[in-house]
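The following exercises are intended for a reader who meets this structure for the first time. Please attempt each task before reading its solution.

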Amino acid sequence: CPMCKTEELVLSSLESNLTSRQCGKCGGNWIPSFEYWKWREQHKESLPENFAGQAIPPNPTTGALIAKLCPECNTILIKYKVGHGANFSIDQCSNCGGVWFDKDEWEALKARGLHDDVYTIFTASWQSQIRSQESRRAQEEIYRKKFGDEGFDEIRRMKEWIAVHPRKQEILAYLLSG
């Protein structure tokens with residue numbers, strides 16, 4: 001097991017026609033790349049992402065600083081942030097392409113409709129989008145602390161109004177003129 005280091009993984013059925021290897025101790029699942037793609041090929045069309053679901057809380061084990069090793073080829077697994085309301089990372093082997101899901105991560109992705117497109121999470125564009133979202137949230141938090149909740153909400157409202165106003169440039173020039 002990449003998490004427990006001592007437990008053997010046993011064959012398990014994660015979904016209909018999707019075989020994983022599960023750890024009986026921590027509840028994590030290893031999905032070999034070929035198994036995922038075989039299962040994915042049977043689905044053809046991707047399910048739409050479900051934004052209506054609640055935000056998914058982080059799994060306490062995901063923050064562990066212990067390197068996880070691939071159970072197939074012993075390569076260090078690389079963490080990829082999921083984002084889109086899921087506050088955890090999933091681990092992929094850069095050598096064989098297998099994926100490790102800590103307990104309940106697969107179910108969390110399934111609830112959001114992300115489980116059938118897991119491999120898009122590993123792309124540079126997905127990870128870049130997540131970094132941009134995190135940066136924007138951090139910047140907003142700085143301004144919220146500076147101006148207070150009420151002030152920040154008013155500034156945001158004005159910003160949205162200016163952004164769609166037909167005389168946006170004139171309004172900005174006036175505001176900057178002091």
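**Exercise 1: The overall fold**

The protein chain of this predicted model contains 4 helices and 6 strands. Task: determine in what order these elements follow one another, and what share of the residues is buried.

Solution. Step one: read from the N terminus, where the order is β-β-β-α-β-β-β-α-α-α. Step two: consider burial; of the 178 residues, 35% are buried. Step three: turn to the surface, whose accessible area is about 11200 Å², with 55% belonging to carbon and sulfur atoms.

**Exercise 2: A residue in a strand**

Task: decide whether Phe-88 is buried or exposed.

Solution. Step one: locate Phe-88 in strand E5, which spans residues 86-93. Step two: apply the cut-off, under which a residue is buried below 20% relative accessible area. Phe-88 has a value of 6% and is therefore buried. Step three: look along the chain to Glu-105, 17 residues away, whose C-alpha atom is separated from that of Phe-88 by 8.1 Å.

**Exercise 3: Two helices in contact**

Task: state how H3 and H4 are oriented towards each other.

Solution. Step one: identify helix H4 as residues 168-176 and note that the axes of H3 and H4 are 7 Å apart, at an angle of about 135°. Step two: classify this angle; H3 is oblique to H4. Step three: list the residues that meet, namely Trp-161, Ile-162 and Ala-163 from H3 with Lys-168, Ile-171, Leu-172 and Leu-175 from H4.

**Exercise 4: A salt bridge between distant parts of the sequence**

Task: explain why the salt bridge of Arg-40 and Asp-117 ties together parts that are apart in sequence.

Solution. Step one: establish the pair, in which the closest N and O atoms of Arg-40 and Asp-117 are 3.3 Å apart. Step two: place the partners; Arg-40 belongs to helix H1 (residues 33-43) and Asp-117 to the loop between helix H2 and H3, so the bridge ties together parts 77 residues apart in sequence. Step three: compare exposure; Arg-40 counts as buried at 11% relative accessibility, whereas Asp-117 is partly exposed at 24%.

**Exercise 5: A salt bridge within one helix**

Task: find where Glu-154 and Arg-157 lie.

Solution. Step one: both residues belong to helix H3, 3 residues apart, about one turn of the helix. Step two: their side chains form a salt bridge with an N to O distance of 2.5 Å. Step three: Glu-154 is partly exposed at 36%, and Arg-157 is partly exposed at 45%.

Methods
Residues are numbered from 1 along each chain as its sequence is written. This is a predicted model: local features need pLDDT of at least 70, side-chain atom pairs count only at pLDDT 80 or more; totals for chains, interfaces and linings use all residues. Side-chain values use heavy atoms; hydrogens and water are left out. Helices (H or I, at least four residues) and strands (E, at least two) are DSSP runs, numbered from the N terminus. Buried means under 20% relative accessible area, exposed over 50%, partly exposed in between (1.4 Å probe, protein chains only). Accessible areas come from the Shrake-Rupley method with a 1.4 Å probe; for residues, only the protein chains shown count as cover. Axes are lines fitted to C-alpha atoms, for helices over the stretch in contact, and angles run from 0 to 180 degrees between N-to-C directions. Angles under 35 degrees count as roughly parallel, over 145 as roughly antiparallel, 65 to 115 as roughly perpendicular and the rest as oblique. Contact means heavy atoms within 4.5 Å. A salt bridge is a side-chain nitrogen of Lys or Arg within 4 Å of a carboxyl oxygen of Asp or Glu.
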